[in-house]
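Let's take a walk through this protein, going from the overall build to the interior and then to a handful of single residues. Keep the viewer open as you read.

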Amino acid sequence: DDVESRGLGDVYKRQVYQRMVSAGDFKNGITVQMDNGIWQIIEFQHVKPGKGAAFVRTKLKNIVSGGVVEKSFRPTEKFDLAHIEKREYQYLYSDGDLYNFMDTETFEQIALSAENVGDSLKFVKENEMVKLCSHNGNVFSIEPPITVELQITESEPGVKGDTATGATKPAILETGAKILVPLFVNQGDTIKIDTRTGEYISRV
């Protein structure tokens, strides 16, 4: 009996642990319930002052309003993890201020406002797959693929013989986004980009 009850206790502990997170275990991107709202951690830093107790300095984004606040917590403070659903949708097209997506399994379509979308689609072409993140059915963010391949539609020609390491020039991509690229990359080239940082990775 002892063994059995101990086993159940362990399971319960694991479930509780999975539903809670302490400030000392914060990671970028996780969402927690706090102050009657759902907040996503966008930045955190463990601070150990010379005197006094260590604390965790964070930047939190309210997933409903989009507002960002800065707060500090004791590492041992615990919070409920918010259940976030992520589903793959195909980005179809934009129509004025609405962006249309489709679930390729059910063919159900969903339209999101420009406010909801923000700049999350600046590196995404029509018909590309993205992940829609929602809480209780409300979509609050869009995750593009980590890397995308896009064509450069506008850029100054590179100067021959100019191979200065790390030198860059501005370029406009087929989605309209602007990024910095190395001097040897030219208009018409297709390049790979990291959508998390908006940085050039390589020529394709």
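What follows starts with the whole chain, moves on to its cores and its largest pocket, and ends with individual positions.

First, a word on what you're looking at: this is a predicted model. The secondary structure comes to two helices and 16 strands. The chain has 204 residues, and 32% of them are buried. If you take the contacts between residues with a separation of 6 or more, 42% of them join residues 24 or more positions apart. On the outside, the protein exposes about 13,300 Å², with carbon and sulfur atoms supplying 48% of that area.

Now for the inside. In soluble globular proteins, nonpolar side chains tend to be buried together. Here the largest nonpolar core has 13 residues, and the members that touch the most others are Phe 123, Ile 152, Leu 173, Ile 179, Val 181, Ile 191 and Ile 193. Which strands feed this core with at least two residues each? They are E12 (147–155), E13 (168–173), E14 (178–182) and E15 (190–194). E12 gives the largest share, three residues. Ile 179 is a good spot to centre your view: leaving out neighbours within four places in sequence, Ile 179 is in contact with Phe 123, Leu 173, Ile 191 and Ile 193, and also with Lys 169, Pro 170, Ala 171, Gly 198 and Tyr 200. Apart from this core lies another one, of twelve residues, including Tyr 91, Tyr 99, Leu 121 and Leu 132.

On to the open space. The largest pocket holds about 1,400 Å³. It is lined by 47 residues, and the ones closest to its centre are Gln 40, Lys 61, Ser 141, Ile 142 and Glu 143. Several elements supply at least two lining residues each: strands E3 (37–47), E4 (55–62), E7 (85–95), E10 (129–135) and E11 (138–143), along with helix H2 (114–117). E11 provides the largest share of the lining, six residues. As for chemistry, the lining divides into 20 nonpolar, 18 polar and nine charged residues.

Two of those strands are worth a closer look, beginning with E4. Thr 58 lies in this strand. Is Thr 58 buried or exposed? With a relative accessible area of 2%, Thr 58 falls under the 20% cut-off, so Thr 58 counts as buried. Beyond residues up to four places away in sequence, Thr 58 touches Phe 26, Glu 43, Phe 44, Val 69, Glu 70, Lys 71 and Phe 73.

Next, E7, where you'll find Gln 90. Gln 90 has a relative accessible area of 17%, and is therefore buried too. Setting aside residues up to four places away, Gln 90 touches Asn 100, Phe 101, Met 102 and Thr 104, as well as Asn 127, Glu 128 and Met 129. The C-alpha atoms of Gln 90 and Asp 103 are 6.4 Å apart, with the two positions 13 residues apart along the chain as the separation.

Asn 127, one of the residues Gln 90 touches, sits in the loop between H2 and E10. Its backbone deserves a glance: phi of Asn 127 is near 80 degrees, a positive value in a residue other than glycine. Asp 35 also has a positive phi without being a glycine, about 50 degrees in this case. Look for Asp 35 in the loop between strand E2 (31–34) and E3. At 54% relative accessibility, Asp 35 counts as exposed.

Another loop joins the tour at Asn 136, between E10 and E11. Asn 136 is exposed, at 67% relative accessibility. Ile 84 is 52 residues away from Asn 136 along the chain, yet their C-alpha atoms are separated by 8.0 Å.

Finally, go back to E12, the strand that gives the largest core its largest share. Glu 149 is in that strand. Its relative accessible area is 40%, so Glu 149 is partly exposed. Not counting residues up to four places away in sequence, Glu 149 touches Lys 125, Thr 190, Ile 191, Lys 192 and Val 204. Of these, Ile 191 is one of the core members that touch the most others. Glu 149 and Ser 202 are 53 residues apart in sequence, and C-alpha to C-alpha they are 9.5 Å apart in space.

Definitions and conventions. Residues are numbered from 1 along each chain as its sequence is written. This is a predicted model: local features need pLDDT of at least 70, side-chain atom pairs count only at pLDDT 80 or more; totals for chains, interfaces and linings use all residues. Side-chain values use heavy atoms; hydrogens and water are left out. On a 1 Å grid over the protein atoms alone, a cavity is a set of points where a 1.4 Å probe fits but cannot get out, and a pocket is an open set with protein on both sides within 12 Å along at least five of seven lines; lining residues have an atom within 4 Å of a point. Grid points are joined across faces, edges and corners, and a volume is the space filled by probe spheres set on the points. Helices (H or I, at least four residues) and strands (E, at least two) are DSSP runs, numbered from the N terminus. Ala, Val, Leu, Ile, Met, Phe, Trp, Tyr, Cys and Pro count as nonpolar, Asp, Glu, Lys and Arg as charged, and the others, Gly among them, as polar. Buried means under 20% relative accessible area, exposed over 50%, partly exposed in between (1.4 Å probe, protein chains only). Contact means heavy atoms within 4.5 Å. Accessible areas come from the Shrake-Rupley method with a 1.4 Å probe; for residues, only the protein chains shown count as cover. A nonpolar core is a set of buried Ala, Val, Leu, Ile, Met, Phe, Trp, Tyr and Cys residues joined through side-chain atoms within 4.5 Å.
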